Amino acid sequence: MADGQEPAIDEVRARLAAARTVGLLSGAGISAESGVPTFRSGQVALWEDRRPEDLARMETFRQDPGLVWRWYLWRRGLVAKASPNAGHVALVELARRLELTVITQNVDGLHDRAGSTGVIELHGNLWRSRCMGCGRTRNDFSARLDVMPADCAHCRSPVRPDVVWFGEALNTTLLDRAFRTACVSDVFLVVGTSGVVQPAASLAAIARENGAFVVEINPEPTALSQVASVSLRGKAGEVLPALVA
Ligand code: OAD
């Protein structure tokens, strides 16, 4: 954690102590200390010289489903080896004390595995696949990581990862819940996201416009730093436990 932040940490602690409703938007950075690479740096951004923006697309899946599935199976493999870190765990503790709604852009399921409940997974879940024919979803948590998932057991259509791809709309029910959370939060925490992907990124501004105290937790300045009431410069796995200590 950067030096000299104790007064800001104390202020956020006091805001949390006084808050009735708290919202939180997380991004890939909250899982970085679990060993899951973020989107805009490192391994995921560089997989076989292809960009996530090109792989996470229906056009690419139509042309080469095997390629896209290989990328997702590789990512499932990374997440399978990972465990929730101190940041995920601190949120479970925070939820014991106040009404906390976790909204995540992450598809890794680590908030759930840490024990958070009612998580709004705006971009879907890496472990689910969805039938392209009948739309049924299934959990692939114990499926093999070295072969493409089997076709749908009900209608025999191919399945795709149940995640939101570029150019696709988010689930409106989840999005409504996320917007409502942003509107009613006394404190809104924005953790480990570069804040460049909409509509998730707009939640921080909506929270602020509706009177929330917005706290950014990120080692680096981001597109959302200007929206934040305060920015805590440090890792989620250090700052979040400090806030609930
Ligand atoms: P990014 O990879 O864009 O940003 C990760 C952020 O985490 C950066 O701002 C880092 O500075 C920060 N970070 C790194 N380590 C951290 C740590 N230990 N603690 C806290 N922060 C840390 O990931 P996202 O913002 O999540 O969408 O990306 C948003 C969306 O873009 C993803 O959900 C995905 C992608 O395209 C879809 O696939 C639809």
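Reader: How far is an oxygen atom of the ligand from an N or O atom in the side chain of Thr 193?
Author: This is a predicted model, where local features need pLDDT of at least 70, side-chain atom pairs count only at pLDDT 80 or more, and totals for chains, interfaces and linings use all residues. Residues are numbered from 1 along each chain as its sequence is written, and side-chain values use heavy atoms, without hydrogens or water. Thr 193 is listed among the residues that come nearest to the ligand, alongside Ala 28, Phe 39, Arg 40 and Ser 194. Its side-chain N or O atom and the ligand oxygen make a polar contact (N or O atoms within 3.5 Å), at 2.6 Å.

Reader: Which residue puts a backbone N or O atom 2.9 Å from a nitrogen atom of the ligand?
Author: Don't mix this up with His 123, where a side-chain N or O atom is 2.9 Å from a ligand oxygen. For the ligand nitrogen, the backbone atom belongs to Ala 236.

Reader: And how much of the ligand's area does the protein bury?
Author: Taken alone, the ligand exposes 800 Å² (Shrake-Rupley, 1.4 Å probe). Of that area, the protein buries 89%.

Reader: On to salt bridges: how many does the structure hold?
Author: One of them joins Glu 11 to Arg 15, with the closest N and O atoms 3.5 Å apart. What counts is a side-chain nitrogen of Lys or Arg within 4 Å of a carboxyl oxygen of Asp or Glu. The total comes to 14.

Reader: Which helix holds both Arg 96 and Glu 93?
Author: These two form a salt bridge with closest N and O atoms 2.7 Å apart. Arg 96 is exposed at 63% relative accessible area, while Glu 93 is partly exposed at 26% (exposed is over 50%, buried under 20%, partly exposed in between, with a 1.4 Å probe and protein chains only). They sit 3 residues apart, about one turn, and the helix (a DSSP run of H or I, at least four residues) spanning residues 86-97 is α6.

Reader: Asp 162 and Arg 130 meet in a salt bridge too; how far apart in sequence are the parts it ties together?
Author: The N to O distance here is 2.4 Å. Asp 162 lies in strand β6 (residues 159-163) and Arg 130 in strand β4 (residues 124-131), strands being DSSP E runs of at least two. So the pair ties together parts separated by 32 residues.

Reader: Is Asp 162 buried or exposed?
Author: Asp 162 belongs to a salt-bridge network with Glu 121, Arg 128 and Arg 130. Its partner Arg 130 is partly exposed at 26%. Asp 162 itself has a relative accessible area of 10%, which means it counts as buried.

Methods
A residue is near a molecule or strand if one of its heavy atoms lies within 4 Å of it. A polar contact is a pair of N or O atoms within 3.5 Å; within protein, one must be able to donate a hydrogen and the other to accept it, and residues adjacent in sequence count only if both atoms are side-chain atoms.
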